[in-house]
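Hi,

I am handing over the structure we talked about, and my notes on it come straight after. I hope they help you find your way around.

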Amino acid sequence: MNVQSASKPAQVRSADAFQAARALGDLLAQTPEYRAFIAAFQAVNNDPTVRQLASRMRACQTAIEVGRNVGQNIAELERLEAELESIPVVQAYRRAEEATRAIFRAVDDIISREAGVDFAAHAKRSCCG
Amino acid sequence: MTKLSTEIEQAARALGQALRAQPSTQAYLEAAQRLEANPDVCNLEKTLYATYDALIARQQAGESIPQSEIQAFYELRDRFFGHPLVQEREQALHDLKELFQETVARLTASLGVDYTQLAQKEE
C-alpha cells in the first residue's frame, strides 16, 4: 500500500491523474503517427474536390431526412461516398487515422489494465450529456 | 501488436496507476465486486439484458411485442436497478465517469483532438 497516496487529500490525488494525463497527451502529440494524422486531416479538409463531394453528400442527407426522393438520394449518397473514398488524399487520411487509432488503443489498453477499469469507454460523453 | 515507445508505455502506466489510486475508482471497483459476489443480482442482470436483446431482435424482425411483455420487461428492469447493490454501483459508476471525463479533457487539451474518438475499440 502506498501510504503517501493514502494521506493526500482527494483533490491533490486527482491532480496527480490530471498531470499524468497532460504528460501522456504531450507525448502522444509528438509521435510521428499523430503528426502525420493531423497533417492528413488538414489536407483532407482543404481539398476542393473533397469539399465539393462533402457538400453534395450533405444535400443528399438532408433530402433523405425530410423524405424527399429517398431511394434516389440513398443511391446517390452511396455513390458519392465511394467516390470520396477513392480520392488519394482521403485514402492517405484513412491510413494515417488507422495508424493513430492503433497507437491510442494500445495506450488505452495499458491505462485500463493499470486502472482496473476500461478508460476510454467510461470517459466517453454520451450524446445526452 | 502495436509497438509503443518506452516513454509512452511508462506514461500510460503512470496515468492508469494514478487513476486506480483515486477514491472514485476504488469505490467503483469495490461496488462492482460486491455486486458480482451476489449471485441473485448477477442472475437478475443476465436475465434483464438477455430479455432486452431478445425483445429488440423480435422487434427488428417486424414482430409487434405484446404490451404485457413490455410491461414485464419494465418491471424486471425496475427490480434490477432498484436493488441496493445495483444503486451503489450505478452511483459509483457515475462518479467514476466524471473523474475519467475530466481526465480525458486534459489529454484532449494536449492533443487537440478528442482522445476517446481515437482510442475507442471497434464495436
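Below is what I found, starting with how to read the numbering and ending with the second chain.

This is a predicted model, so local features need pLDDT of at least 70 and side-chain atom pairs count only at pLDDT 80 or more, while totals for chains, interfaces and linings use all residues. Residues are numbered from 1 along each chain as its sequence is written, chains are lettered from A and ligands numbered from 1 in the order in which they are written, and side-chain values use heavy atoms, with hydrogens and water left out.

Chain A first. It has seven helices and zero strands, where helices (H or I, at least four residues) and strands (E, at least two) are DSSP runs numbered from the N terminus. Along the sequence the pattern reads α-α-α-α-α-α-α. Of the 129 residues in chain A, 37% are buried, meaning under 20% relative accessible area (exposed is over 50%, partly exposed in between, with a 1.4 Å probe and protein chains only). Taking contacts in chain A between residues at least 6 apart in sequence, 55% join residues at least 24 apart; contact here means heavy atoms within 4.5 Å.

Now a helix pair in chain A. Helix α3 (residues 32-46) of chain A packs against helix α6 (residues 88-115) of chain A at an angle of about 150°, and their axes are 8 Å apart. Axes are lines fitted to C-alpha atoms, for helices over the stretch in contact, and angles run from 0 to 180 degrees between N-to-C directions. The angle makes α3(A) roughly antiparallel to α6(A), a label for angles over 145 degrees (under 35 is roughly parallel, 65 to 115 roughly perpendicular and the rest oblique). Residues making this contact include Glu33(A), Tyr34(A) and Phe37(A) of α3(A), and Glu97(A), Thr100(A) and Phe104(A) of α6(A). By class, the contact has 15 nonpolar, one polar and two charged residues. In this scheme Ala, Val, Leu, Ile, Met, Phe, Trp, Tyr, Cys and Pro are nonpolar, Asp, Glu, Lys and Arg are charged, and the others, Gly among them, are polar.

Two residues of α6(A) deserve a look. Glu97(A) sits in this helix and is buried, with a relative accessible area of 14%. Its C-alpha atom is 8.5 Å from that of Glu33(A), although the two are 64 residues apart along the chain. Thr100(A) is also in helix α6 of chain A, and at 1% relative accessibility it counts as buried. Beyond neighbours within four places in sequence, Thr100(A) is in contact with Glu33(A), Tyr34(A), Phe37(A) and Leu118(B).

What about the interior? The largest nonpolar core has 55 residues, and those with the most contacts inside it are Leu24(A), Val107(A) and Tyr115(B). Such a core is a set of buried Ala, Val, Leu, Ile, Met, Phe, Trp, Tyr and Cys residues joined through side-chain atoms within 4.5 Å. A second, separate core of twelve residues includes Leu35(B), Leu44(B), Phe73(B) and Leu76(B).

Finally, chain B. Helix α3 (residues 39-60) of chain B and helix α4 (residues 67-82) of chain B pack at about 150°, with axes 10 Å apart. That makes α3(B) roughly antiparallel to α4(B). Among the residues in contact are Leu44(B) and Tyr52(B) of α3(B) and Phe73(B) and Leu76(B) of α4(B). By class there are ten nonpolar, two polar and five charged residues.

Best wishes
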